[in-house]
Amino acid sequence: MANRQINIENLTMKEILKAMHRLGGQVTRKDIRQEIRDNSDAISEKTVDEVKILKKSGEQYQPFAYTSNFAVKYLIATGYIHTDDNHVLELSEKGRNVDLANFNAARDVRPFINKVSGNTKVQKDVVTEVEDETAEDSVEDSWRKQLLDALQNMNPKKFELFCRGLLKRMGIDVDDNIGTPYVADGGLDGFGYVRSDDYRTTRVALQAKRWQGKVSAPEIDKFRGAMDKYNAEFGIFITNSEFTRDAVKTARQGTRIITLINGDEICNLVAKYNYYVEPVTTYRLKSFYLEKD
């Protein structure tokens with residue numbers, strides 16, 4: 001079991017470096033996990049999305065989040081990643097110049113970790129930092145979970161109303177007739193116009209799906225077909241859930257790209273535009289106050 005976990009961490013280290021290179025080198029842990037989920041050839045979306053329940057507390061957790069945090073810590077310890085605040089991660093010079101094709105964590109990282117600390121101290125430090133990050137995430141994620149639960153419990157009409165209103169906040173001039181809920185609109189939930197800084201106006205088709213499962217590729221194809229009726233130049237597909245990898249690939253194909261907005265991005269937009277939310281400032285004590293010297 002221990003060897004299996006080590007192998008998973010070694011694989012994850014390489015995928016983290018690949019993800020950071022694809023994303024430009026400066027990201028958060030959540031950005032990395034999303035990139036691996038959508039684009040990794042070595043780690044499946046099922047592995048990233050897997051949720052388990054703790055026997056003692058009954059709380060849910062994602063094993064891959066824990067695994068990726070360990071992998072990040074090892075890459076920091078060996079100089080591939082740099083961070084000032086343990087939140088934003090940056091590729092170091094070593095990380096930027098690493099030969100990803102030949103990188104082998106078992107050879108390039110693991111021996112150093114074992115040699116420096118016999119693994120005990122690093123493991124202890126990782127657990128502490130993972131728990132600190134988990135606690136910080138739980139504060140941030142509490143309102144996000146509350147929002148996503150509320151969206152899931154909305155009736156379809158209210159969810160479409162929510163999405164249309166959010167898109168208006170984003171600067172889209174939503175048509176009041178095309179795509180009105182429960183009207184024969186050819187499969188659209190909305191239609192709008194986006195004017196750029198150079199006064200060029202673009203037609204955009206809108207689709208909103210309140211789903212429990214993941215949105216699959218056939219739904220994207222169906223939406224793209226509905227876009228033809230109004231000659232939309234691009235589309236925006238919003239869901240409170242998540243998109244499968246095939247759906248992401250399908251959205252990027254063809255001449256008309258479809259922008260996908262999942263539940264996590266909905267939360268980001270709601271916070272950015274203060275859409276039916278009120279910001280609250282709170283504080284959590286760091287380990288300095290809690291440790292016994």
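**View 1. The largest nonpolar core of the predicted model.** This core has 25 residues. Ile 16, Leu 75, Phe 103 and Val 109 have the most contacts inside it. At least two core residues come from each of α1 (2-23), α2 (29-39), α4 (63-77) and β5 (88-91). Helix α4 gives the most, with six residues. In soluble globular proteins, nonpolar side chains tend to be buried together.

**View 2. Surroundings of Phe 103.** Neighbours within four places in sequence are left aside here. Phe 103 is then in contact with Met 13, Lys 14 and Leu 17. Its contacts also include Leu 75, Tyr 80 and Val 98. Asp 108 and Val 109 complete the list. Of these partners, Leu 75 and Val 109 are, with Phe 103 itself, among the residues with the most contacts inside the core.

**View 3. Another core, apart from the largest one.** This core has 21 residues. Among them are Leu 147, Leu 166, Ile 261 and Leu 269.

**View 4. Arg 110 in helix α7.** The helix spans residues 110-117. Arg 110 counts as buried because its relative accessibility is 7%, under the 20% cut-off. Its side chain makes a polar contact with the side chain of Asn 10, at 2.9 Å. With neighbours within four places in sequence left aside, Arg 110 is in contact with Ile 6, Glu 9, Asn 10, Met 13, Tyr 74 and Ala 105. Met 13 is in contact with Phe 103 too.

**View 5. Cys 163 and Cys 267.** Cys 163 is at 2% relative accessibility, so it counts as buried. Cys 267 is at 0% and therefore also counts as buried. The structure holds zero disulfides.

Key:
Residues numbered from 1 in each chain as written. Predicted model: local features only at pLDDT ≥ 70, side-chain atom pairs only at ≥ 80, totals over all residues. Heavy atoms only, no water. Disulfide = S-S within 2.5 Å. Buried < 20%, exposed > 50% of the residue type's maximum accessible area, 1.4 Å probe, protein only. Helix = DSSP H or I, 4+ residues; strand = E, 2+ residues; numbered from the N terminus. Polar contact = N/O pair within 3.5 Å; in protein donor to acceptor, adjacent residues only side chain to side chain. Contact = heavy atoms within 4.5 Å. Core = buried A, V, L, I, M, F, W, Y, C linked by side-chain atoms within 4.5 Å.
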